[in-house]
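Student: I should like to learn how to read a structural model with care. May we work through one together?

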Amino acid sequence: MATLMSDEVFHDVAYKAHNRNHLLAAVDEFLDVVTVLPPGEWDPTIRIEPPAAIPSQVSLHSNLHRLCVIINGF
């Protein structure tokens with residue numbers, strides 16, 4: 001949850017959400033463009049390959065901003 005709220009745009013959308021569905025839509029949008037590593041012991045000798053296509057922060061922020069506009073009706 002802290003990772004979500006540390007993103008400025010997600011933070012704004014979360015606080016402006018009118019209901020659970022708006023909040024879940026914002027979480028889904030955020031999770032679509034991030035790479036999440038499971039918790040646990042990390043072996044530094046194993047290299048995690050980068051994704052084939054790296055989503056841009058601009059895309060995430062524009063999608064979350066669009067969602068915020070939809071939520072607030074303007």
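Student: What percentage of the 74 residues in the chain do buried residues make up?

Tutor: This is a predicted model, and buried residues make up 23% of its 74 residues. Burial here stands for a relative accessible area under 20%. As for the surface, the chain exposes about 5,900 Å², and carbon and sulfur atoms supply 60% of that area.

Student: How should confidence be taken into account, and where in the chain is it lowest and highest?

Tutor: As a general rule, predicted coordinates should not be read in detail where pLDDT is low. In this chain the mean pLDDT is 76, and 81% of the residues reach 70 or more. Confidence is lowest in helix 4 (residues 57-72), with a mean of 68, and highest in helix 3, with a mean of 85.

Student: Which secondary-structure elements does the chain contain, and in what order do they run?

Tutor: The chain has 4 helices and 0 strands. Read from the N terminus, the order is α-α-α-α.

Student: How does one recognise the face of a helix, and which residues of helix 2 are buried?

Tutor: An α-helix has 3.6 residues a turn, so residues three or four places apart point the same way. In helix 2 (residues 8-16), the buried residues are V9, F10, V13 and A14. Viewed down the axis of helix 2, they fall within an arc of 130°, and therefore line one face. E8 and Y15, on the other side of helix 2, are exposed.

Student: Which residues are buried in helix 3?

Tutor: In helix 3, A26, V27, E29 and F30 are buried. The buried residues of helix 3 lie within an arc of 160° about its axis, so here too they line one face. R20, N21 and D32 are exposed on the other side of helix 3.

Student: What span does helix 3 reach, and what is found at its start?

Tutor: Helix 3 (residues 20-32) has 13 residues and reaches 18 Å from its first C-alpha to its last, close to the 18 Å expected at 1.5 Å a residue. At its start, a side-chain oxygen of N19 comes to within 3.0 Å of the backbone nitrogen of N21.

Student: How does one read contacts between residues that are far apart in sequence, and with which residues is V27 in contact?

Tutor: One sets separation along the chain beside separation in space. Among contacts between residues at least 6 apart in sequence, 64% join residues at least 24 apart. V27 belongs to helix 3; apart from its neighbours within four places in sequence, V27 is in contact with L4 and F10. V27 and L64 are 37 residues apart in sequence, and their C-alpha atoms are 9.4 Å apart.

Student: Where does S62 lie, and how far is its C-alpha from that of V9?

Tutor: S62 lies in helix 4, and its C-alpha is separated by 8.9 Å from that of V9, 53 residues away along the chain. S62 is partly exposed, with a relative accessible area of 37%.

Definitions and conventions. Residues numbered from 1 in each chain as written. Predicted model: local features only at pLDDT ≥ 70, side-chain atom pairs only at ≥ 80, totals over all residues. Heavy atoms only, no water. Helix = DSSP H or I, 4+ residues; strand = E, 2+ residues; numbered from the N terminus. Expected span 1.5 Å × (residues − 1). Buried < 20%, exposed > 50% of the residue type's maximum accessible area, 1.4 Å probe, protein only. Arc of directions from axis to C-beta. Polar contact = N/O pair within 3.5 Å; in protein donor to acceptor, adjacent residues only side chain to side chain. pLDDT = per-residue confidence, 0-100. Contact = heavy atoms within 4.5 Å. Areas by Shrake-Rupley, 256 points an atom, 1.4 Å probe, with all protein chains shown as cover.
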